[in-house]
Amino acid sequence: MYHSDPTPPVHTKTLHLQRIKRGQVVVCTVLSHMLTGVWTHWTGTRTTPCYFHEPTCPGCATQSPRRWKGYLHCWNPSTNSNGIIELTPAAATELLNALPPKSSLRGLQIRLERTKGANNGRLSCSVIGRHPDPDSIPKECAAWPTLSHIWGDDKQPPLGLVS
Ligand SMILES: [Zn+2]
């Protein structure tokens with residue numbers, strides 16, 4: 001069925017970018033096979049990609065703090081909505097450590113929770129199950145078009161794909 005499908009995977013779609021807020025719990029199904037990891041800079045007002053692979057990176061030049069961010073395309077079956085969810089290094093590590101190396105993340109049911117309390121509570125990510133029929137869930141979309149749109153930057157930095 002998949003191989004005879006004439007529609008190529010969608011890679012240009014801009015989706016909703018979801019950051020889990022303090023005290024918020026999100027349960028969703030992962031559509032991505034792999035996690036997209038990106039090094040970014042926080043300039044004090046906005047996030048920009050880090051172009052560490054190039055001779056000059058504007059963020060490195062101004063010594064803006066460097067932060068790694070992880071992105072997953074996820075789907076909420078109860079509302080049939082989907083979007084890109086942003087993970088912290090700790091949440092991404094927790095997710096990847098729950099699985100054997102190099103296993104696909106697609107179809108995993110995860111629970112994300114950001115603790116209350118401090119300004120930026122800790123984001124946790126636990127695997128609570130696996131979709132019984134991964135072939136039936138929506139197609140995966142790449143994270144970059146959404147990030148490019150949010151960051152207002154169309155020059156793609158190195159994206160690390162990990163699973
Ligand atoms: Zn940089």
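**Strands, core and loops in a predicted chain**

The hairpin of E5 and E6 has four residues between its strands, and there Asn80 takes a positive phi near 50°. The two strands of this hairpin, E5 (66-76) and E6 (81-87), run antiparallel and are joined by seven bridges. One facing pair in this ladder is Leu72 opposite Ile85 in E6. Strand E6 also has E1 (residues 16-18) as a partner, this time in the parallel sense and over three bridges; here His16 stands opposite Gly83. Five of the seven residues of E6 are buried, so the strand is largely enclosed by the rest of the structure.

All of this comes from a predicted model, so a word on confidence is in order. The mean pLDDT of the protein chain is 89, with 91% of the residues reaching 70 or more. The weak spot to flag is residues 1-5, where pLDDT stays under 50 and the model has zero contacts beyond four places in sequence. Where pLDDT is low, the predicted coordinates should not be read in detail.

Zooming out, the protein chain holds three helices and nine strands, and from the N terminus on its elements run β-β-β-β-α-β-β-α-β-β-α-β. The radius of gyration is 16 Å, close to the 15 Å that the globule rule gives for 163 residues, so the protein chain is as compact as a globular protein of that length. Along the principal axes, the C-alpha atoms fill a box of roughly 50 × 45 × 30 Å. Buried residues account for 26% of the 163 residues. Contacts reach well along the sequence: of those between residues at least 6 apart, 71% join residues at least 24 apart.

Back to the strands, with E7 (108-114) next. Strand E7 runs antiparallel to E2 (residues 25-30), with five bridges between them, and antiparallel to E8 (123-130), with seven bridges. Arg111 shows up in both pairings: Val27 stands opposite Arg111 on the E2 side, and Ser126 stands opposite Arg111 on the E8 side. The two faces of E7 are quite unlike in their surroundings, since Leu108, Ile110, Leu112 and Arg114 form a covered face while Gln109, Arg111 and Glu113 form an uncovered one. That pattern fits the usual rule: in a regular strand the side chains alternate between the two faces of the sheet.

Helix H2 (residues 89-97) has Ala91, Ala92 and Leu95 buried. These three cover an arc of only 100° around the axis, which puts them on the same side of H2. As a general matter, an α-helix has 3.6 residues a turn, so residues three or four places apart point the same way. The buried residues of H2 pack against a run of strands, namely E3 (35-42), E5, E6, E7 and E8.

These pieces come together in the largest nonpolar core, which has 27 residues; Val30, Leu72, Leu87, Ala91, Ile110, Leu112 and Cys125 touch the most other members. The elements giving two or more residues to this core are E2, E3, E5, E6, H2, E7 and E8. Leu72 is worth a closer look: leaving out residues up to four places away in sequence, Leu72 touches Val30, Ser32, Leu35, Ile85, Leu87 and Leu105. Among these contacts, Val30 and Leu87 are also on the list of core residues that touch the most other members.

Two loop residues round off the picture. Tyr51 sits in the loop between strand E4 (47-49) and helix H1 (58-61). With 19 C-beta neighbours inside 10 Å, Tyr51 counts as partly exposed, because the cut-off for a buried residue is 20 or more. Beyond four places in sequence, Tyr51 touches Cys57 and Pro157. The C-alpha atoms of Tyr51 and Thr40, 11 residues apart in sequence, are 8.5 Å apart in space.

Thr115 lies in the loop between E7 and E8. Thr115 has 13 C-beta neighbours inside 10 Å and also counts as partly exposed, though here it is the other limit that matters, because 12 or fewer would make a residue exposed. Apart from neighbours within four places in sequence, Thr115 is in contact with Gly121 and Arg122. Val162, 47 residues from Thr115 along the chain, is separated from it by 25 Å between C-alpha atoms.

Conventions:
Residues numbered from 1 in each chain as written. Predicted model: local features only at pLDDT ≥ 70, side-chain atom pairs only at ≥ 80, totals over all residues. Contact = placed C-beta atoms within 7 Å. pLDDT = per-residue confidence, 0-100. Pairing = 2+ DSSP bridges. Rg over C-alpha atoms; globule rule 2.2 N^0.38 Å. Arc of directions from axis to C-beta. Core = buried A, V, L, I, M, F, W, Y, C linked by C-beta atoms within 7 Å.
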